[in-house]
Amino acid sequence: MATILHVDMDAFYAAVELLDHPEYQGRPLIIGGYKDSHRGVVSTCSYEARKYGVHSAMSIKRAVSLCPQGIFIPGRTERYQQVSREIHNLFTQFSPQVEPLSIDEAFLDMSGCEHFYRSLEKMGQAVKDRINQTTGLVASVGIAPNKFLAKLASDWKKPDGLMVIYPEQVDSFLLSLPVSKLWGVGEKTRRELQRHGIRTVKELRIYPQQWLEQQFGSLGNQLYYLARGIDKRKVEPMADVKSISQEQTFDTDYADRGFLKSQLALMAAKVGHRLRQQGLYTRTIGIKVRFSDFKTITRAHTLDYGVCDDDIIYKVGLQLLDAIPITLIRLLGIGAYNLSEIQQLSLFENTIETNELSTLIDKINQKFPNSPLTKGRTLYKKPKR
Ligand SMILES: [Mg+2]
């Protein structure tokens with residue numbers, strides 16, 4: 001039986017801000033934009049702010065109306081990434097098998113390490129204590145025989161949570177859960193299950209695997225196993241999960257392709273610059289588009305070779321953008337994923353030449369930071385509105 005530990009930092013961005021600004025302590029803190037921001041969205045808020053009904057993904061405007069006395073600040077991504085690296089480094093002191101899930105979450109495969117601790121509770125407490133002593137931040141921890149259950153457990157007693165689900169407790173824990181707690185069940189599936197009278201895991205268990213598969217395809221299969229507490233996914237340590245991305249919320253919504261292209265070019269240049277600065281190459285380039293109604297989509301493309309050059313990053317990003325029907329857009333982003341220190345040259349394309357041009361531009365800009373050199377495509381005159 002495996003022992004999987006899931007760690008999730010509590011209100012991570014807000015917690016980092018509280019750490020850096022003790023004067024915010026005890027006051028509702030909302031991250032995502034200043035109070036007068038008409039377009040910002042709450043990315044995280046402190047537990048004090050949650051008491052007023054503020055939650056993430058809500059517009060700043062709405063948050064201000066719910067909690068006018070709150071402190072409103074935009075986020076500091078670089079600082080959060082720095083703390084995130086610190087925390088992820090701590091994880092490797094507990095297990096070599098660490099799978100980072102996001103900036104503030106990870107799975108640790110603790111199988112075989114059980115005997116180092118008096119109990120699984122002590123193991124979880126040790127991870128929490130180390131994080132707290134090193135960074136001053138609070139994490140919630142869940143420990144269970146697999147990933148699915150460990151993630152449920154870390155969420156169960158949040159904030160400052162610690163929960164262990166022992167193998168013999170799995171059944172009783174699962175049966176009372178609503179199906180929406182099962183991994184893969186979104187709003188649409190939840191409603192479909194409800195149509196069949198299935199609301200809880202207990203009700204789901206009545207249905208044979210074949211029926212579930214007929215109704216829901218491969219998800220049905222997954223539901224069959226998850227409802228029985230079975231999840232065979234392994235903790236997959238990734239050699240490098242770092243990503244470098246840029247995004248921008250516009251001051252008004254734009255549908256103008258020319259403008260969007262220029263912004264994409266500008267952000268692609270920044271992403272490329274940061275890759276070269278860190279000696280990294282990307283194989284996967286992704287874009288993020290948020291429409292005026294807040295619907296957000298992401299698209300990505302993976303190359304068979306590594307690049308760090310603006311031109312290619314921009315070209316791929318533009319292809320992805322071109323494939324999206326453009327209506328009014330409020331946010332646009334581009335990112336480089338799948339990073340490595342090795343270029344993995346393609347047999348078919350040579351990217352060296354264009355890299356040289358970008359490197360030259362980097363050098364010139366380093367010398368004359370006040371009048372940076374850019375490529376023509378980043379220039380665009382905003383349409384009059
Ligand atoms: Mg979290």
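## The magnesium site

Three protein residues supply donors to the magnesium ion, namely Asp8 (OD), Met9 (O) and Asp104 (OD), at 2.2 to 2.4 Å from it. Donors here are N, O and S atoms within 2.8 Å of the metal (3.2 Å for Na, K and Ca), and since water is not among the atoms, sites may look incomplete. Along the sequence, the spacing of the donor residues is D-M-x94-D. Distant parts of the chain are thereby linked: Asp8 belongs to strand E1 (residues 4–9), while Asp104, 96 residues apart from Asp8, sits in the loop between strand E5 (98–102) and strand E6 (105–109). Helices (H or I, at least four residues) and strands (E, at least two) are DSSP runs, numbered from the N terminus.

Asp8 counts as buried because its relative accessibility is 13%. Asp104 is likewise buried, with a relative accessible area of 15%. Buried means under 20% relative accessible area, exposed over 50%, and partly exposed in between (1.4 Å probe, protein chains only).

## Basis of the model

The model is predicted: local features need pLDDT of at least 70 and side-chain atom pairs count only at pLDDT 80 or more, whereas totals for chains, interfaces and linings use all residues. Residues are numbered from 1 along each chain as its sequence is written, and side-chain values use heavy atoms, with hydrogens and water left out.

## Hairpins

Strands E5 and E6, which flank the loop of Asp104, form a hairpin with 2 residues between them. The two strands pair in the antiparallel sense over 4 bridges, and Pro100 has Ala106 in E6 as its bridge partner. Two strands pair if DSSP finds at least two bridges between them.

Strand E10 (residues 281–291) and strand E11 (residues 296–307) run antiparallel and are joined by 8 bridges. Thr282 stands opposite Val307 in E11. The hairpin of E10 and E11 has 4 residues between the strands, and Phe294 in this hairpin takes a positive phi near 75°.

## A sheet of three strands

An open sheet of 3 strands follows the order E3-E2-E4, with mixed pairing. Strand E3 (44–45) and strand E4 (71–73) each have a single partner strand and stand at the edges, so one side of each is left without a neighbour in the sheet. Strand E2 (residues 29–31) runs antiparallel to E3, joined to it by 2 bridges; Ile30 stands opposite Cys45 in E3.

Helix H1 (residues 12–20) packs on the sheet and touches E2, E3 and E4, its direction making about 120° with that of E2. Contact means heavy atoms within 4.5 Å. Axes are lines fitted to C-alpha atoms, for helices over the stretch in contact, and angles run from 0 to 180 degrees between N-to-C directions.

## The largest pocket

The largest pocket holds about 1900 Å³ of space. Of the 47 residues lining it, Tyr13, Thr77, Gln81, Ile103 and Ser245 are the closest to its centre. Two or more lining residues come from each of helix H4 (77–91), E5, strand E9 (244–254), E10 and strand E12 (329–340). H4 gives the largest share, 8 residues.

A pocket is an open set of points on a 1 Å grid over the protein atoms alone, where a 1.4 Å probe fits, with protein on both sides within 12 Å along at least five of seven lines; lining residues have an atom within 4 Å of a point. Grid points are joined across faces, edges and corners, and a volume is the space filled by probe spheres set on the points.

## Asp310

Asp310 is found in helix H13 (residues 310–322) and counts as buried at 6% relative accessibility. Leaving aside neighbours within four places in sequence, the contacts of Asp310 include Ala268, His273, Arg276 and Lys375.
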